[in-house]
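Reader: I should be grateful for a close look at one part of this model, with the surroundings described as far as the computed values allow.

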Amino acid sequence: MFGFRYYTPTKVVFGKDTELQAAALIREFGGKKVLIHYGGGSVVRSGLLQRVTDTLTEAGIPFVCLGGAVPNPRLSLVYEGISLCKREGVDFLLAVGGGSAIDSAKAIGYGVANEGDVWDFYDYKRKPAACLPLGVILTIAATGSEMSDSSVITREEGLVKRGCNSDLCRPRFAILNPALTLTLPDYQTACGCTDIMMHTLERYFTNGGNMEITDALAEGLLRTVMRNAEILAADPMNLDARAEVMWAGSLSHNGLTGCGSSGGDWMTHKLEHELGGLYDVAHGAGLAAIWGSWARYVFRDCLPRFRQFAVRVMDVAPEGTDEEIALKGIAALEDFFRRIHMPTSLRELGVSPTEEDLAVMAHKCAVGVGGSMGSAKRLYEEDMLAIYRASM
Ligand code: NZQ
Ligand code: ZN
């Protein structure tokens, strides 16, 4: 076991109509002037934005709105948000939407609270010293950004997608009403379930420090998400399944399923971020498309964990060699992805990079991780290229 620091300061308010508590929560955390930040318009069409602005108006809390955060949120809108906040004297951010709106709000929060170019924090040039306080009303269970220390932004110039991690951006509160996710397209529901699983899988496949209690939490979470993802694939209006998946999404990326381990592998995410930057694919779908190729490339270097995953999570019979069992577990997870209509190759993802494109992605990925990264197996640029090739 490794020592760890578990820090989850976010107040979670879970259940029916909880979005109506937004104004009270903003007051509780000291907000006096609010930027409401959202995405491409789903919250306008569903009436959620109107309900939220009504509660703020009734409570006498002044606000300004900024929509337009796209999946793989862009730096240009972050700059726009920073200027708006400074002009309007905003001291609290309310993200209403999914990971993209939340991450964009976090970046705006860094930009307002620190001097200089906010991209420096995503380019690993400096670390932020502060962030505006942030609250979240979540509309898609997926990234866990509502409790995480992470924000991922894409700079249009060079299509560079990078993350910044700091406890400073962990939301003060997260309003989780599973009914708000009932309007999701099936594809986004499945992408979200994949991402949720992947945040725990990244922490699970490590070489060292694993704890029985953490494994039990992780394996239970993975089984729960798979079961409920299949329920939602057949019955998208199932509110109980929506609730299971929503809470799993927050727990999967708030650090809980990594306590005691060496910190996680994270290479599937890093490989996907290059896909997201270059081809603007949905994050969860990109992860599903690449995971099998990553797993087959690394599993021999992390065999006990892949064997345990196969038996305990994917119900593979413990018969045959460890390698055979591990490979069956990998195939079983890919079968699950297909059952919820997720891609298991780049072709199925709908992108067809040339050999040169693959080399560019592998190079950008290697640069982004400072040369090499990975706990199941440490990967270098040539390994990244091999995985991209295998995922075609
Ligand atoms: O933009 P709108 O109109 O709201 O539509 C969104 C978007 O098209 C739609 N949507 C969301 N809630 C809806 C809805 N449509 C109907 N009804 C609803 N209730 O779904 C689409 C996807 O939304 P988005 O916010 O992009 O999805 P997600 O939450 O998956 O966020 C993806 C982004 O987060 C990053 C990803 O890389 C990607 O950029 N990540 C952030 C992490 C973090 N901060 O901790 C960790 C993750 O690993 C990830 O990298
Ligand atoms: Zn993710």
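Reader: Does aspartate 315 count as buried or exposed, and at what relative accessibility?

Author: The model is predicted, and the values below are computed from it. Aspartate 315 counts as exposed, because its relative accessibility is 64% and the class begins over 50%. The residue is found in the loop between α12 (303–312) and α13. Its phi is near 60 degrees, which is a positive value in a residue other than glycine.

The helix that follows this loop, α13, spans residues 322–339 and contains aspartate 322. Aspartate 322 has a relative accessible area of 37%, so this residue is classed as partly exposed. Between the C-alpha atoms of aspartate 322 and arginine 307 the distance is 6.1 Å, although the two residues are 15 apart in sequence.

A positive phi near 60 degrees is also found at aspartate 280, again a residue other than glycine. Aspartate 280 is placed in the loop between α10 and α11. With a relative accessible area of 40%, aspartate 280 is partly exposed.

The helices on either side of that loop lead to the zinc ion (ligand 2), since His269 and His283 are among its protein donors. The full set of protein donors is Asp195 through OD, and His199, His269 and His283 through NE2, at 2.0 to 2.2 Å from the ion. Along the chain these donors follow the spacing D-x3-H-x69-H-x13-H. Distant parts of the chain are linked by one pair of them: histidine 199 lies in helix α7 and histidine 283 in helix α11 (residues 283–298), 84 residues apart. Histidine 199 and histidine 283 are both buried.The other site holds ligand 1, which has 32 residues around it. Gly40, Ser42, Gly99, Ser100 and Asp103 come nearest. By class, this shell consists of 21 polar, 8 nonpolar and 3 charged residues. At least two shell residues are supplied by each of α5 (99–113), β6 (150–155), α7 (186–204) and α10 (267–279). At the level of domains, domain 1 (11–180) and domain 2 (184–390) each contribute at least three residues to the shell.

Several polar atoms of the protein lie close to oxygen atoms of this ligand. In the side chain of serine 42, an N or O atom is 2.7 Å from an oxygen atom of ligand 1. For lysine 161, the corresponding distance from a side-chain N or O atom to an oxygen atom of the ligand is 2.8 Å. Glycine 41 takes part through its backbone, where a polar atom is 3.0 Å from an oxygen atom of ligand 1. Taken alone, ligand 1 exposes 960 Å², and the protein buries 89% of that.

A further loop, between β5 (134–138) and β6, holds threonine 143. Threonine 143 is partly exposed, because its relative accessible area is 22%. Its C-alpha atom is separated by 22 Å from that of alanine 234, which is 91 residues away along the chain.

Methods
Residues are numbered from 1 along each chain as its sequence is written. Chains are lettered from A and ligands numbered from 1 in the order in which they are written. This is a predicted model: local features need pLDDT of at least 70, side-chain atom pairs count only at pLDDT 80 or more; totals for chains, interfaces and linings use all residues. Side-chain values use heavy atoms; hydrogens and water are left out. A residue is near a molecule or strand if one of its heavy atoms lies within 4 Å of it. A polar contact is a pair of N or O atoms within 3.5 Å; within protein, one must be able to donate a hydrogen and the other to accept it, and residues adjacent in sequence count only if both atoms are side-chain atoms. Accessible areas come from the Shrake-Rupley method with a 1.4 Å probe; for residues, only the protein chains shown count as cover. Helices (H or I, at least four residues) and strands (E, at least two) are DSSP runs, numbered from the N terminus. Ala, Val, Leu, Ile, Met, Phe, Trp, Tyr, Cys and Pro count as nonpolar, Asp, Glu, Lys and Arg as charged, and the others, Gly among them, as polar. Domain bounds come from an automatic or database domain assignment. Donors are N, O and S atoms within 2.8 Å of the metal (3.2 Å for Na, K and Ca); water is not among the atoms, so sites may look incomplete. Buried means under 20% relative accessible area, exposed over 50%, partly exposed in between (1.4 Å probe, protein chains only).
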